[in-house]
Amino acid sequence: MSTGICHFFSGLTLENHLFRMRGLSNYCLSCCVNSLLQTFSATWEIAELLERWDVAGARGDARNVALHLKRVLEAMRGGLPQLAPHRDFLHCLDQNRFRLNVQHDADEVFLSILNFIHQQMDNRVLAGEIQDLYKISVETHLQCLKCNSIQTETSYMLSLPLYVKEDDNSLEGCMNSFFEHQELKGINSCFCAHCGTKNPSRQGVKLLSLPRILCMNLKRFRNSRGSTHKLDCRVPFPETFDFSQSLQDVFSENFAQNECRYTLYAVVVHSGYAMFGHYTAYVRHRENKCWYYADDSHVQQASWEEVQRTYGGRHRTAYMLMYRRDSEEWRPRPELSG
């Protein structure tokens, strides 16, 4: 696939005009937020849900993350060639204690934005639908190694934290490691309701349901002796992934989904060191299915081979992966009163 700049030129082809993506200025170290906004723009399900939100009664305008996200996504979808305005969104995050002029972790900002949306939208139905897009439901089993009694709890996550090893990795291997049983001993021992004491335990996690949008965070940063360093080792990831074929052992007995095949549509990339780095993003366009590389204000068409170069290495290293479930065309549920 050929590469080329997709905007800033008057002689655009009709195809580039139709599929143009808008860049975002780097304002007060905003590359992290800029990259996430590109992934939110590629998550068209969010935009469609926010379009249905009547903001006439929205409260707390300056601090309402959902309101400002709705506005900036509308601007990013516009056909104008100039950069999309997003300073109000950045200042809104600043009002919610994600300060400007400070480097932030992309996964932390991503999860906070989703939580702000859930907390601040006055339409509770739509707020719940947006969170449901990402909700990974899991079943945790905790077995006491003294009496063998088992406690079971259900919970959910909005992204899957996958720890990266310093040697060979694969996405499938990282996911299998997440779902492996863990021995909890010593200070990590858990309270057993049957014994009435803290005892060594074995913990296991099983999937109850998978979301429409599956976000994975490759945990490349390590803290050691008061400093943080980054692992640049390779983590190959596929363009399509089928849970039912690759990870059959991670499902709970209560898992009932039929479609478990996912296609990658966005990658948040970190370049540089842990304490001095830069975020960019690869996103796949909904209409022409082509990959684009967004580096703040600069956006250009890319190829799958370029995305694959983010498997590992200091230059551009994949940090967050976003997959969409392959199924019939998604439609939001009819809106109920919120």
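Student: In which loop is Leu29 found?

Tutor: Keep in mind that this is a predicted model. Find the helices on either side of Leu29: α1 covers 14-18, and the other one is α2. Leu29 is found in the loop between α1 and α2.

Student: What is the phi of Leu29 near?

Tutor: Most residues other than glycine have a negative phi. Leu29 is not a glycine, yet its phi is positive. The value is near 60°.

Student: Is Leu29 buried, exposed or partly exposed?

Tutor: Look at its relative accessible area, which is 48%. Exposed means over 50% and buried means under 20%, with partly exposed in between. So Leu29 counts as partly exposed.

Student: Is Arg97 buried or exposed?

Tutor: Arg97 sits in the loop between α5 (87-95) and α6 (106-120). Arg97 also has a positive phi, about 75°, although it is not a glycine. Its relative accessible area is 70%. The cut-off for exposed is over 50%, so Arg97 is exposed.

Student: What is the volume of the largest cavity?

Tutor: The structure holds 1 cavity of 30 Å³ or more. Leu29 is in its lining, along with others including Cys28, Phe98 and His104. By class, that lining has 9 nonpolar, 2 polar and 1 charged residues. As for the volume, it's about 80 Å³.

Student: Which residues lie closest to the centre of the second largest pocket?

Tutor: This pocket has a volume of about 410 Å³. Of the 22 residues that line it, five are the closest to its centre: His104, Asp105, His270, Ala274 and Tyr279.

Student: Which elements each supply at least two residues of that pocket's lining?

Tutor: By class, the lining of the second largest pocket has 10 nonpolar, 8 polar and 4 charged residues. Now see where they come from: one helix and two strands each give at least two residues. They are α2 (31-42), β9 (221-224) and β13 (277-284).

Student: Which residue in the hairpin of β9 and β10 takes a positive phi?

Tutor: First, the strands: β9 and β10 (residues 227-230) run antiparallel and are joined by 4 bridges. Ser224 stands opposite Ser227 in β10. There are 2 residues between the strands, and one of them has a positive phi near 55°. That residue is Arg225.

Student: How many residues of helix α3 are buried?

Tutor: Helix α3 takes in residues 44-51 and is mostly covered. Its buried residues are Trp44, Glu45, Ile46, Ala47, Leu49 and Leu50. They pack against α2, α4 (65-76), α7 (124-132), β8 (213-219) and β16 (317-325). Out of 8 residues, the number buried is 6.

Student: Which strands stand at the edges of the open sheet?

Tutor: The sheet has 4 strands in the order β2-β1-β7-β4, with antiparallel pairing. An edge strand has a single partner strand, so one side of it is left without a neighbour in the sheet. The edge strands here are β2 (150-157) and β4 (182-184).

Student: By how much are neighbouring strands of this sheet turned against each other on average?

Tutor: Go strand by strand along the order β2-β1-β7-β4. Ignoring direction, the average turn between neighbouring strands is 30°.

Student: What is the bridge partner of Gln182 in β7?

Tutor: β4 and β7 (residues 201-209) pair in the antiparallel sense over 3 bridges. Gln182 has its bridge partner in β7, and that partner is Gln203.

Technical notes:
Residues are numbered from 1 along each chain as its sequence is written. This is a predicted model: local features need pLDDT of at least 70, side-chain atom pairs count only at pLDDT 80 or more; totals for chains, interfaces and linings use all residues. Side-chain values use heavy atoms; hydrogens and water are left out. On a 1 Å grid over the protein atoms alone, a cavity is a set of points where a 1.4 Å probe fits but cannot get out, and a pocket is an open set with protein on both sides within 12 Å along at least five of seven lines; lining residues have an atom within 4 Å of a point. Grid points are joined across faces, edges and corners, and a volume is the space filled by probe spheres set on the points. Ala, Val, Leu, Ile, Met, Phe, Trp, Tyr, Cys and Pro count as nonpolar, Asp, Glu, Lys and Arg as charged, and the others, Gly among them, as polar. Two strands pair if DSSP finds at least two bridges between them. Buried means under 20% relative accessible area, exposed over 50%, partly exposed in between (1.4 Å probe, protein chains only). Contact means heavy atoms within 4.5 Å. Axes are lines fitted to C-alpha atoms, for helices over the stretch in contact, and angles run from 0 to 180 degrees between N-to-C directions.
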